[in-house]
Amino acid sequence: MDSNPTAADFTRAVHLLREAQRTVALTGAGISTPSGVPDFRSPGTGLWERYDPMEVASLSAFRHHPQQFYEWIRPLAKHILQAEPNPAHLALARLEQAGRLVGVVTQNIDDLHSRAGSRQVLEVHGHLREATCVRCYRSCPSGQFMPAYTDSGEVPLCPECGGILKPNAVLYGEQLPYDVVRQAREWILSSDLILVIGSSLEVAPAATFPVEALNAGARLIILNREPTYLDERAEVIFRQDVAEILPQLVDEALHV
Ligand code: ZN
């Protein structure tokens, strides 16, 4: 694998970014790994050592064994609490501020796009900023319980009724936030350029939306270490570290 993109690829991607009228970014775990947030779908991250995420992080597992779920997600929550946006997150915020990006559709729950300054962010898998009581449905900001929970590992409880708090992240087997997904689909379908960044496009439905847009004439740039099922439809593919290549592309595209 080349460690540097070819000059032709770089020039082509910059040209596409400058030419596009409606660019939408679709991001996955790979944009946050340079910030130290592990991709929990990947074996070897430590999150697979004791439990299969598909089992422990399912809605029914959470209902029956919330303490096991909270024990499993604790290292990830710690990493997310400590993580800072990296140059790739910041580059997307710059692109939006320059009026060159409709917004970011993300599969990540780590809030790093918003913290980087992006305003138009659709979190199709929810987030960890708040949790909801499974008994009284009250919403509770994570700041109220997250530090104590990551320190002690105790299951966070509702301050009002003592019910168990469920993070507002989407678990396996749980319905995605309908309005967010519908909006994400609209953005992608009306885009003329899609940037896939740090996603192997394995998680539906966000991963399937680009196909419809591509069939309607949109262009595609992929920045991802691993192959995706849409590689053959991409104009340009970058396998390099997204925290290095994306800022370079954005700076060049915005430099007139
Ligand atoms: Zn409650």
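**Exercise 1. In this predicted model, work out how the donor residues of the zinc ion are spaced in sequence, and which parts of the chain they tie together.**

Step 1. Start with the spacing: the donors of the zinc ion follow the pattern C-x2-C-x21-C-x2-C.

Step 2. Now place one pair. Cys 133 belongs to strand 4 (residues 126-133), while Cys 158 sits in the loop between helix 7 (146-152) and strand 6 (165-169), so the two link parts that are 25 residues apart in sequence.

Step 3. Put the atoms in. The SG atoms of Cys 133, Cys 136, Cys 158 and Cys 161 coordinate the zinc ion at 2.3 to 2.4 Å.

**Exercise 2. What is the arrangement of the four donor atoms around the zinc ion, and are Cys 133 and Cys 158 buried or exposed?**

Step 1. Look at the angles: the four donor atoms subtend 97 to 117 degrees around the zinc ion. For a tetrahedral call, all angles must lie between 85 and 135 degrees, so this arrangement is tetrahedral.

Step 2. Check accessibility against the cut-off, which is under 20% for buried. Cys 133 comes in at 1% and counts as buried; Cys 158, with a relative accessible area of 6%, is buried too.

**Exercise 3. Where do the buried residues of helix 8 fall, seen down its axis, and what do they pack against?**

Step 1. Get the helix straight in your head: helix 8 (residues 178-189) has twelve residues and runs 16 Å from first to last C-alpha, close to the 16 Å expected at 1.5 Å a residue.

Step 2. Pick out the buried ones: Val 181, Ala 184, Trp 187 and Ile 188. Down the axis they fall within an arc of 120 degrees, so they line one face of helix 8.

Step 3. Why does that spacing work? An α-helix has 3.6 residues a turn, so residues three or four places apart point the same way.

Step 4. Flip to the other side of helix 8, and you find Tyr 178 and Asp 179 exposed.

Step 5. Finally, the partners. The buried residues of helix 8 pack against strand 1 (23-27), strand 2 (103-106), strand 3 (121-123), strand 7 and helix 9 (209-215).

**Exercise 4. Which residues of helix 10 are buried, and what covers them?**

Step 1. List them: Val 242, Ala 243, Ile 245, Leu 246, Pro 247, Leu 249, Val 250 and Ala 253 are buried in helix 10.

Step 2. Their cover includes helix 1 (7-19), helix 5 (87-97), strand 7 (193-197), strand 8 (219-223) and strand 9 (236-238).

Step 3. Don't skip the start of helix 10, where a side-chain oxygen of Asp 241 comes within 2.9 Å of the backbone nitrogen of Ala 243.

Note on methods:
Residues numbered from 1 in each chain as written. Predicted model: local features only at pLDDT ≥ 70, side-chain atom pairs only at ≥ 80, totals over all residues. Heavy atoms only, no water. Donors = N, O, S within 2.8 Å, 3.2 Å for Na, K, Ca; no water. Tetrahedral: all angles 85-135°; square planar, octahedral: opposite > 155°, others 65-115°. Helix = DSSP H or I, 4+ residues; strand = E, 2+ residues; numbered from the N terminus. Buried < 20%, exposed > 50% of the residue type's maximum accessible area, 1.4 Å probe, protein only. Contact = heavy atoms within 4.5 Å. Polar contact = N/O pair within 3.5 Å; in protein donor to acceptor, adjacent residues only side chain to side chain. Expected span 1.5 Å × (residues − 1). Arc of directions from axis to C-beta.
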